[in-house]
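Student: Hi! Could we go through this structure together?
Tutor: Happy to; let's put it up first.

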Amino acid sequence: MGELAADKHVKYILAVEKRKDNFESAVLEHLRMNGAYWGLTTLDLLGKLDAVDSNEIIEWILKCQHESGGFAGNVGHDPHILYTLSAIQVLALFDKLNVLDVDKVSTCILDESDIAGLQNEDGSFSGDIWGEVDTRFSYIAICGLSILKCLDKINVERAVNYIISCRNVDGGFGCTPGGESHAGQIFCCVAALAITGALHYVDKDLLGWWLCERQVKSGGLNGRPEKLPDVCYSWWVLSSLTMIDRVHWISKEKLIKFILNCQDTENGGISDRPDDAVDIFHTYFGVAGLSLLEYPGVKAVDPAYALPVDVVDRIFFGK
Amino acid sequence: MKPEGTIQNEAMSELLNQFEYILDSDPLINEVGFIHPSQFATLEKDPEAGSSRSEASDALDGGDGSFWIRDHKLGISSEVVLRLYKAAREQFMNAIAEYKKLGDLSLPSAEALGIVVMKCSKALVLLSPDFGTAWNSRKLIVSKKTQASMFTDELRLSALVLSYSPKSEQAWSHRRWVIKNMAKNRTTLQEILREESDLVEKIAERSKMNYRAWNHRCWLVSYMDREQVIQELKQSKTWAGLHVADHSCFHYRMRLIIRILEDCCRKQEEGSCDSCVEVYLIWQEELDWNEELIKRYLGREALWLYRRFLSLLWIRHFTSDVNDVSSPQKSQCSIQVNVSVFLDKELLLVNSCSEGSDDEFEDFEEQTICSASYMLWLTKQIPETQKLELREKIENERLDAMLKLVSLRGPPFGAI
């Protein structure tokens, strides 16, 4: 078994921004803010955040902010809650949350009869003014507001009730009530419940059973029954198992081996499965998964906030 | 002489004009593909590719071979796609910025600008299906119109994008926005719901285990009436039987059955439980059918997980337990099945699934693990008294073997 090629991954992440001018990269411009979060959090977990110019990045992030307070995935695009959380998280990494007008950002998420408010009557959250509802947006709203320390401003009880209404007979959670369980949605729901102190609503043995059945023979995890394993579930499944205290229900050794086998040891980066093409998304989830598995040389990550533990401590305890 | 940059810009906007013209002149395009220009020649010669000429194909005469169109199938040369994207993006960003600056949208100039935004956002989402801002601009403009045909046009564009980008979250979300708006304006959505269901099935055929597609179909259920729910259950059965590894389809059936059950429970509360027998029969049929599939297709996780759901809800709703007096919901149901008899039958199934032949070693092993997991999972979920009874039914030796099997993939020995 190889080791984590940390230096190569750092080089890969730094190079991604300078990649070739091709169609495949061009059509991803709308989610550059997510890309920034994945890349920069990976750098921080590997102890190399100082390799980038934070001022330049912060300046760009602020250019993506709209009048409503929400952030877009890139300059000139429409705001969406998906990118708003990434923007908050990146600012948290750089300890620069103070550049934000907290009232403005939180108001765009809250339901203070503001037209841009995203919480709905039933406690669910919309992603933007066009009204698509998803438990991912519940997580984002709760996580973002918690980082900004204004969680007390929303109707937490209703938000929690909505998440519970998306729980299935198998113990997992879907996008909306009656939606199929999916490891990514489960992470969102469990993390939102963890942040709001409502984990007692989760049947840990039942959910743990579904989650640990995601480990396949190769040691990797899939996100749903009968699917192929994928490195990104090393984060979604593993963080959920961590939050409900059932990580010992899977084989950590086999999972570590699977993630390490997905590295491009020559040029850096991690892919979804061994021998596939690498990307920044899977590089982050691979490294974050290794962090939860306490792999040496990787900083500890918080399973609910998806930020390095020292960053979370700094936010809440001023350490 | 013109500077090089200007010539390039002119060429780019010429390319975009050609693309937009094709899209305009053939509103019925139902497939798009990015292909290498060398493939165009092959397509020209292919007699199977059809031969009907259209206004759109006439537009290509004298063109530089960047596009190919026939029988409403559009091919875009992979060599121009980046330039085309850049041109569409620039035109779109300028148009939408200008549109948003307008104060009075009733002016003719606003109307004209709206048409430009619709035209270039269409080109853009076809090239970059998850470009949310372009989809949003269409919502903005459509929401200011009253013609119902605009909604249908939006559904068609989204279906076109999904035909080659079946996981595009934006395209699926756009459909839901359209349907929500149609629901506000219309009394019945029945036909639309049927068409949406068909679309999901068509896409699921080519894009296996597509979460977004099936999630969309699950979302539709809340708009269906009881009759349509039962119809859907019948309709999706064949597909499910042919795709036994697609858990999403079984989840969809689960959603439909739960909806039927909810309706039944509501009626019970209102004091009229005439549909109880019907639900019971649907459930029985589903359990029998699932058993058939389990025996035909060995070691299919999706089938066994579906059985977990069917059995657990069956026990919760239809079985009587002499030791359990706490469940008021059951007492209202006119049908009561003895839980002991039910569990005996399930044990029989599990036992029969542990006796396979050596030829199919891997499938057989999977089948044994799945069946043991199923049984033990069930023992964890049922009330304590039933759990003890079931464990007594499984002999000690056999229970140990099952626990060992389950711990290979499920929770460890001590946790069950």
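**Core, chains and a few odd residues**

Tutor: Let's begin inside: the largest nonpolar core has 186 residues, and those with the most contacts within it are Cys189(A), Val190(A), Ala191(A) and Ala88(B). Keep in mind that this is a predicted model.
Student: Which helix gives the largest share of this core?
Tutor: Helix α9 of chain A, residues 183-195, which supplies 11 residues. As background, nonpolar side chains in soluble globular proteins tend to be buried together.
Student: And what is Cys189(A) in contact with, leaving aside neighbours within four places in sequence?
Tutor: Its partners are Thr135(A), Tyr139(A), Ile163(A), Cys166(A) and Phe173(A).
Student: Let's zoom out. How many helices and strands are there in chain A?
Tutor: Chain A has 14 helices and 0 strands.
Student: How compact is chain A for a globular protein of its length?
Tutor: Chain A is as compact as a globular protein of that length, because its radius of gyration is 19 Å, close to the 20 Å from the globule rule for 319 residues. The C-alpha trace of chain A spans about 55 × 45 × 40 Å along its principal axes.
Student: What percentage of the residues in chain A are buried?
Tutor: Buried residues account for 55% of the 319. As for contacts in chain A between residues at least 6 apart in sequence, 66% of them join residues at least 24 apart.
Student: Nice. How many residues does each chain bring to the contact between chain B and chain A?
Tutor: Chain B brings 39 residues and chain A brings 31. On the side of chain B that touches chain A, the largest share, 6 residues, comes from α14(B). By class, that side has 22 nonpolar, 10 polar and 7 charged residues.
Student: How is chain B divided into domains?
Tutor: Domain 1 covers 1-41 + 52-185, domain 2 covers 187-274, and domain 3 covers 295-324 + 333-416.
Student: What distance separates the centres of domain 2 and domain 3 of chain B?
Tutor: Taken over C-alpha atoms, 26 Å. The contact involves 9 residues from domain 2 of chain B and 10 residues from domain 3 of chain B. The domain 2 side of chain B has 6 nonpolar, 2 polar and 1 charged residues.
Student: Switching topic to backbone angles: what is phi of Lys149(A)?
Tutor: It is near 60°, a positive value in a residue other than glycine. Lys149(A) sits in the loop between α7 (135-147) and α8 (156-165) of chain A.
Student: Why does Lys149(A) count as partly exposed?
Tutor: Because Lys149(A) has 13 C-beta neighbours inside 10 Å.
Student: And where is His72(B)?
Tutor: His72(B) is in the loop between β2 (67-70) and β3 (73-77) of chain B. His72(B) is not a glycine, yet has a positive phi of about 65°. With 16 C-beta neighbours inside 10 Å, His72(B) counts as partly exposed.
Student: Last one: is Gly127(A) buried or exposed?
Tutor: Gly127(A) counts as buried because it has 24 C-beta neighbours inside 10 Å, and the place of Gly127(A) is in the loop between α6 (102-109) and α7 of chain A. Beyond neighbours within four places in sequence, Gly127(A) is in contact with residues including His80(A), Ile81(A) and Leu82(A).
Student: How far is Gly127(A) from Asn267(A)?
Tutor: Their C-alpha atoms are separated by 36 Å, and the two residues are 140 residues apart along the chain.

Notes
Residues numbered from 1 in each chain as written. Chains lettered and ligands numbered in written order. Predicted model: local features only at pLDDT ≥ 70, side-chain atom pairs only at ≥ 80, totals over all residues. Core = buried A, V, L, I, M, F, W, Y, C linked by C-beta atoms within 7 Å. Buried ≥ 20, exposed ≤ 12 C-beta atoms within 10 Å, placed from the backbone. Helix = DSSP H or I, 4+ residues; strand = E, 2+ residues; numbered from the N terminus. Contact = placed C-beta atoms within 7 Å. Domains from an automatic or database assignment. Nonpolar A, V, L, I, M, F, W, Y, C, P; charged D, E, K, R; others polar. Rg over C-alpha atoms; globule rule 2.2 N^0.38 Å.
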